[in-house]
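Colleague: Got a minute for this model? I'd like to go through its pockets, a few residues and a couple of helices.

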Amino acid sequence: MFDSIKNIFNSNDEPNLVYGEKPDIVREKSAELYEKAKQYFPGGVNSPVRAFKSVFGTPLFIEKGDGCRLWDADGNEFIDFCCSWGPLILGHNHPKIREKVIEVMQNGMSFGAPTSLETELAELIVKNNQFLEKIRFTSSGTEAVMSAIRLARGATKRDKIIKFEGCYHGHSDSLLVKAGSGLVTFGETSSAGIPKAFADDTIVVSLNDKNALKEAFSQFKDQIACVIIEPVPANNGLLLQDKDYLEYVRSICTENGALLIFDEVISGFRVGFEGAAGYYQIQPDIITYGKIIGGGLPVGAYGGSSEIMSNISPEGSVYQAGTLSGNPVAMAAGIAQLTELAKSGFYKELNNKTEEFTASIQRYAASKNYKFKVFTIGSIFWFAFTDMEKVQTSEAIDPASMDKFKSMHRELLNRGIYFGPSGYEVGFISAAHSKMDLEKAKRAIFDCLDIVFKNK
Ligand SMILES: *Cc1c(COP(=O)(O)O)cnc(C)c1O
C-alpha cells in the first residue's frame, strides 16, 4: 500500500524536512480511493482542479464536513478555507439547510412543474436586491452565464462580446477564450474542442485598462452585445478593481448600447446580500449567480430588469430551459441559506472577522519582511507571494510565486488547514469559523510562512 502512495508523489516532490516542518499526513485511504476513481473518471475526478495537480500529493477524498471542519477518508481533520469553492458561507452541513432540505424531500424530489419554492427563493432575492426585478433559475453557474450571454446577444441583436483576461465565467464555449497578443485581441480558445468561430466573437482585454476597453469599442463599433466581468475577479487570484474603473466599464457600455453583465457567481451574496452591484453601487444590466445561491446544492440564476428578462422564452424569443431548473430540493437549500444571510448584521460580523484574520496575517508577514500580501474583500481572501501593493491584472501575477504556494499548501495540510489546491484560488471564511478556529488557523499559517521563507 505504502509503495503505491509513494508512486503518486513525484520523486522531486519528496521534501527534505527542515526544522519546523512536519511529516506528511497519512493519505493511504485517499490514495486507494483515487486509484479506483482513476479507473472510471478522466484524471480520477469530475472537475479538474480537484486532482491536486498544482500541489503535493494525492487528492484528499472527503468523508464528512461539519461547521468549518472537514474530515478525509484517513480521518485527518481540517479547518476548511475552500468551503466547496464558495457556496458554504454558513459552513458545512448547516442544521437549518439540512432540515429544510429533508422537509422538502419528504414530498418528492422533482416534478418538472412549477412549485411555490421557486417563487419563495426569487422573492427573497428580488425583495432584498435593488438591482434586479426578474430572475431565472438554472442548475449551475456556467449555465447561468451561458444564458446571460445569449440573452445579451438576443436583446441587442449583436454577436460580439468582450471579456477580461483573468476572469473566469464557467466552461461554455464563448467564454473559454483567452487573450492573444496585443491591446485588443480576438480571443484564442483556451480549450480544445471550441470552434475558432466562437473565439472570433469573443474579444479579450486586460482588466484595469480603460484604453484597451475604449479601443475595443471603437474597433468593433455597434457590434458589441455585452461586456462580461467578474466585478470582484476571484478566479485568478483576487484582482480587486478600483471602483472608478468599474464605473468606467458601466458608462462605456451605456454609451455604446452594449449590456453590462456582472458575473456574480462568487461575489453574489458573498460581499453582501446585493453582491458586488450593491458593494460598488453599480447597476449592471444582467447579473449571474451560482455557488452561495444554492446552499451547497446545484443552483445558478441570472436576472435583470423586467424589460430585459422579457426577452426570455416563453415571454420572448431567447430560448433557455432546464429539466431540473428550480428543483425543489435545491430551492429549499437556497431558501434556508439566504434567509440566514438576509438577517441584519450577518455580513458585518462575517466581514469583520475576516478583516481581523487577514490583517493580523499581513502584520505578521510584514514584521518578518516576507514578500507576501493578503488581499481581501468581504469574506474572500487571497494569499499572494508578492510585494506589490495592488495586483489588478492576471499579468501581474508571477507564475514562479506559485512554488511558494505549493510548499505552503503541503505545510498547511500537515497542520490541519485545508486550502483549495491552487495558488490562483481564493479562500473563503464562513459564519461557522469561530474566533478560536481562526486563531488556531492563524498560528498554523504563521508557522507555514516561516517555513516557506526558511526563517524558522
Ligand atoms: C464558479 C464560477 C462560474 C461557474 O459556475 P459553475 O457552477 O462551476 O458552473 C462562473 N463564473 C464565476 C465567476 C465563477 O466563480
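Modeller: Sure, one term to begin with: Ala, Val, Leu, Ile, Met, Phe, Trp, Tyr, Cys and Pro count as nonpolar, Asp, Glu, Lys and Arg as charged, and the others, Gly among them, as polar. By that split, the lining of the second largest pocket has 9 nonpolar, 10 polar and 2 charged residues. The model is predicted, so local features need pLDDT of at least 70 and side-chain atom pairs pLDDT 80 or more, while totals for chains, interfaces and linings use all residues. Residues are numbered from 1 along each chain as its sequence is written, and side-chain values use heavy atoms, without hydrogens and water.

Colleague: What is the volume of that second largest pocket?

Modeller: About 400 Å³. A pocket is an open set of points on a 1 Å grid over the protein atoms alone, with protein on both sides within 12 Å along at least five of seven lines; lining residues have an atom within 4 Å of a point. A volume is the space filled by probe spheres set on the points, which are joined across faces, edges and corners.

Colleague: Which residues lie nearest its centre?

Modeller: Ala113, Pro114, Glu118, Ser325 and Gly326, out of 21 lining residues. Helix α4 (116–127) and strand β4 (134–138) each give two or more residues to the lining. Helices (H or I, at least four residues) and strands (E, at least two) are DSSP runs, numbered from the N terminus.

Colleague: How many cavities of 30 Å³ or more are there?

Modeller: There is 1. A cavity is a set of points where a 1.4 Å probe fits but cannot get out. The largest cavity holds about 60 Å³. Strand β15 (380–384) gives the most to its lining, with 3 residues. The lining also divides into 6 nonpolar, 4 polar and 1 charged.

Colleague: Switching topic. What does UniProt say about Lys291?

Modeller: The unreviewed entry annotates Lys291 as "modified residue: N6-(pyridoxal phosphate)lysine". Such annotations may be inferred rather than shown by experiment; feature names are shortened, and positions follow the numbering used here.

Colleague: Where is Lys291, and what is it in contact with?

Modeller: Lys291 is in the loop between β12 (286–289) and β13 (300–304). Leaving aside neighbours within four places in sequence, Lys291 contacts Trp85, Pro87, Val265, Ile266 and Val299. Contact means heavy atoms within 4.5 Å.

Colleague: Is Lys291 buried or exposed?

Modeller: Partly exposed, at 25% relative accessible area. Buried is under 20%, exposed over 50%, partly exposed in between (1.4 Å probe, protein chains only).

Colleague: And Phe273, buried or exposed?

Modeller: Phe273 is buried, with a relative accessible area of 10%. Phe273 sits in the loop between β11 and α9. Its contacts, not counting residues up to four places away in sequence, include Leu124, Ile125 and Tyr347.

Colleague: On to helices. What is the span of α8?

Modeller: The end C-alpha atoms of α8 (243–255) are 18 Å apart, which agrees with the 18 Å that its 13 residues should span at 1.5 Å a residue. The expected span is 1.5 Å times one less than the number of residues. Buried residues of α8 include Tyr245, Leu246 and Arg250. Among the elements covering the buried residues are β5 (160–164) and α7 (210–219).

Colleague: What about α12?

Modeller: Helix α12 (346–367) has 22 residues and reaches 32 Å from first C-alpha to last, close to the 32 Å expected. Its buried residues pack against α11 (328–341), β14 (373–377), β15 and α14 (435–452). Just after α12, Asn369 takes a positive phi of about 55°.
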